[in-house]
Amino acid sequence: MLGVNGRSRFLQALRVVGALGVIVAIAGCSMISRRHQRPDDFAVKYAKSTGVISSPNWSRYAVDIDAKGKKTIQSGSHNGDVNKTVQLSPAEYDSFYAALRSDGAFDDLSDNPPCPGPTTGYEDLSFFANGNYVSIPLCSTSKKKQKKIDKVWQDVRAVVGEP
C-alpha cells in the first residue's frame, strides 16, 4: 500500500504523463494540419484541346490558377477567343488543395510505360507545390492508381469548369 507521500507522488506522476500526452497530441495535430495546409507556391495548370485545328469542331480551354488563387480562363475556337479572370476565395483554394491532397494528387500516379492517350486533342493537368512540379496522367494501368486519378480529375474539373 502507498503512504500519503507515495500516493501524492503517484498522482503527480499521472498528471505529468497526462500533460505530456496532451502536448504530444496537440503537436501531432499541428504537424498534420500544416502538412495539409495549402503551400504558398501552390499553382495549377489545366489545358484541354478537342479535335484537330483544321476542323470546324476544334476548341481549346486553358485554366491557370496562381499562388494567390487568381483563376485565368482562356478558351478559343474558330468562332473566337474568350479570356476571363476569377478570384477564388482563400477558403475555396484551401478546400481545393485539401481535396487534391486527400485524393492522392501528390502521390506517384505515373505508369511506366504510360497508358495511351486520346488520338486527337489532349487534356493536361499539372500542379506546383512546395517547390515540386507534379503532372497528373489521364489514366493508369493500375486500378488503385486509376481510382486516385479519377478522383483528382473530378476535383479539378469542379474548380476549373468545362469549356
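This passage walks through the overall layout of a predicted protein model and then looks at some of its residues, rings and helices.

The model is predicted, so local features need pLDDT of at least 70 and side-chain atom pairs count only at pLDDT 80 or more, while totals for chains, interfaces and linings use all residues. Residues are numbered from 1 along each chain as its sequence is written, and side-chain values use heavy atoms, with hydrogens and water left out.

The protein has three helices and six strands; helices (H or I, at least four residues) and strands (E, at least two) are DSSP runs, numbered from the N terminus. Read from the N terminus on, the elements follow the order α-β-β-β-β-α-β-β-α. Of the 163 residues, 27% are buried, a word used here for a relative accessible area under 20%, with exposed meaning over 50% and partly exposed in between (1.4 Å probe, protein chains only). The accessible surface comes to about 10,800 Å², and 57% of that surface belongs to carbon and sulfur atoms; such areas come from the Shrake-Rupley method with a 1.4 Å probe, and for residues only the protein chains shown count as cover. Contacts (heavy atoms within 4.5 Å) also say something about the fold: among those between residues at least 6 apart in sequence, 55% join residues at least 24 apart.

Strand β5 (residues 122-129) offers a good place to start, and Ser126 is one of its residues. Ser126 is buried, with a relative accessible area of 5%. Leaving aside residues up to four places away in sequence, Ser126 touches Ala43, Val44, Lys45, Tyr133, Val134 and Ser135. Ala129 also lies in strand β5 and counts as buried at 6% relative accessibility. With the same kind of sequence neighbours (up to four places away) set aside, Ala129 touches Pro39, Asp41, Phe42 and Phe106. Ala129 and Ala67 are 62 residues apart in sequence, and their C-alpha atoms are 9.1 Å apart in space.

Two of the residues touched by Ala129, Phe42 and Phe106, lead on to the aromatic rings. The structure holds eight aromatic pairs; rings of Phe, Tyr and Trp (its six-membered ring) pair if their centres lie within 6.5 Å, and planes under 30 degrees apart count as stacked, over 60 as edge-to-face and the rest as tilted. In the pair of Phe42 and Tyr97, the ring centres are 5.0 Å apart and the planes stand at 75°, so this pair is edge-to-face. Phe42 sits in the loop between α1 (4-35) and β1 (43-50) and Tyr97 in helix α2 (residues 90-102), so the pair ties together parts that are 55 residues apart in sequence. Phe42 is buried, with a relative accessible area of 0%, and Tyr97 is buried, with a relative accessible area of 0%. Phe106 and Phe127 form a tilted pair, 5.7 Å centre to centre with 40° between the planes. Since Phe106 lies in the loop between α2 and β5 and Phe127 in strand β5, this pair ties together parts that are 21 residues apart in sequence. Phe106 is partly exposed at 22%, whereas Phe127 is buried at 1% relative accessibility. Ring pairs link Phe42, Tyr93, Phe96, Tyr97, Phe106 and Phe127 into a cluster.

Helix α3 (residues 143-160) has 18 residues and reaches 25 Å from its first C-alpha to its last. That is close to the 26 Å expected at 1.5 Å a residue, where the expected span is 1.5 Å times one less than the number of residues. Among the buried residues of α3 are Ile149, Trp153 and Val156, and their cover includes β1, α2 and β5. Just after α3, Gly161 takes a positive phi of about 80°.
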